[in-house]
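Hi,

Here's the structure I promised to pass on. Have a look at it first, and my notes follow below.

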Amino acid sequence: AIGPYRVVAPLEDGGMASLYLAHRPPARDIVAVKVIRTRLRDDSAMVRMFQDEARTLTHVRHPNVVRVLDSGEYEHGRYLAMEYLHGCSLARLRDELERRELPLPADVVAHIGVEVAEALHAAHGALDADGKALGIVHRDVSPQNVMISENGNVKLIDFGVAKAHGRLEVTNARTMVKGKLRYMAPEQVSGKP
């Protein structure tokens, strides 16, 4: 069990967290539950980043951004319950198409690009409870963090390294770069706002 959630199956292990398929009894609705990896649960910076992701996502409400349903603590650390997205990441889709030597059709690429842009626009325009801009910058818009559902819906996930006003964990631009270099904005690489 992860807090009030019962694990159905493991989904994926990432660098910072593990993801599980779960449900909250008595309901049968399936959710994705993210937990900090065991080796990192005592790392205060990682815990703050995890808390920040939950806080950030609660302010971004858009059909192209994964929804947070719940977050909290349990006996082994922190958890974040999100809507379950039945599909695959853009990275997995790309890899499978490459394996089969098939191209990703241009209209599909355009659709994905538009949907991701809509998600980023929603994040950039998100406001806190007092109506102040949060200044959210995702910082890791990569194929691994773009989910495509079975019915073609596109959702941006993993705001774990996002930048936003009021975060508990603040990145010093001179000492640490967050995100994947290949997908960084030129402003981020050069240390500009």
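Let's start with helix α1, residues 44-58, in what is a predicted model. The helix has 15 residues and spans 21 Å from first C-alpha to last, close to the 21 Å expected at 1.5 Å a residue. Quite a few of its residues are buried: Val47, Met49, Phe50, Asp52, Glu53, Ala54, Thr56 and Leu57. Their cover includes four strands, namely β2 (17-23), β3 (30-36), β4 (68-74) and β5 (77-83).

Of those, β3 is worth a look. Six of its seven residues are buried, so β3 is largely enclosed by the rest of the structure. On one side, β3 runs antiparallel to β2, with seven bridges joining them; alanine 22 is partnered with valine 31 there. β2 and β3 make a hairpin, with six residues between the two strands. β3 is also antiparallel to β5, this time through five bridges, and valine 33 has alanine 81 as its bridge partner.

Now for the cores. The largest nonpolar one has 32 residues, and Val60, Ile112 and Val146 have the most contacts inside it. α1, β5, α3 (106-124), β7 (146-149) and β8 (154-156) each give two or more residues to this core, with the largest share, six residues, coming from α3. Apart from that core lies another, of nine residues, including Ile2, Val31, Val33 and Tyr79.

If you want one residue to click on, try valine 146: leaving out residues up to four places away in sequence, it touches Cys88, Ser89, Leu90, Ile112, Val116, Val154, Lys155 and Leu156.

Cheers

Conventions. Residues are numbered from 1 along each chain as its sequence is written. This is a predicted model: local features need pLDDT of at least 70, side-chain atom pairs count only at pLDDT 80 or more; totals for chains, interfaces and linings use all residues. Side-chain values use heavy atoms; hydrogens and water are left out. The expected span of a helix is 1.5 Å times one less than its number of residues. Buried means under 20% relative accessible area, exposed over 50%, partly exposed in between (1.4 Å probe, protein chains only). Contact means heavy atoms within 4.5 Å. Two strands pair if DSSP finds at least two bridges between them. A nonpolar core is a set of buried Ala, Val, Leu, Ile, Met, Phe, Trp, Tyr and Cys residues joined through side-chain atoms within 4.5 Å.
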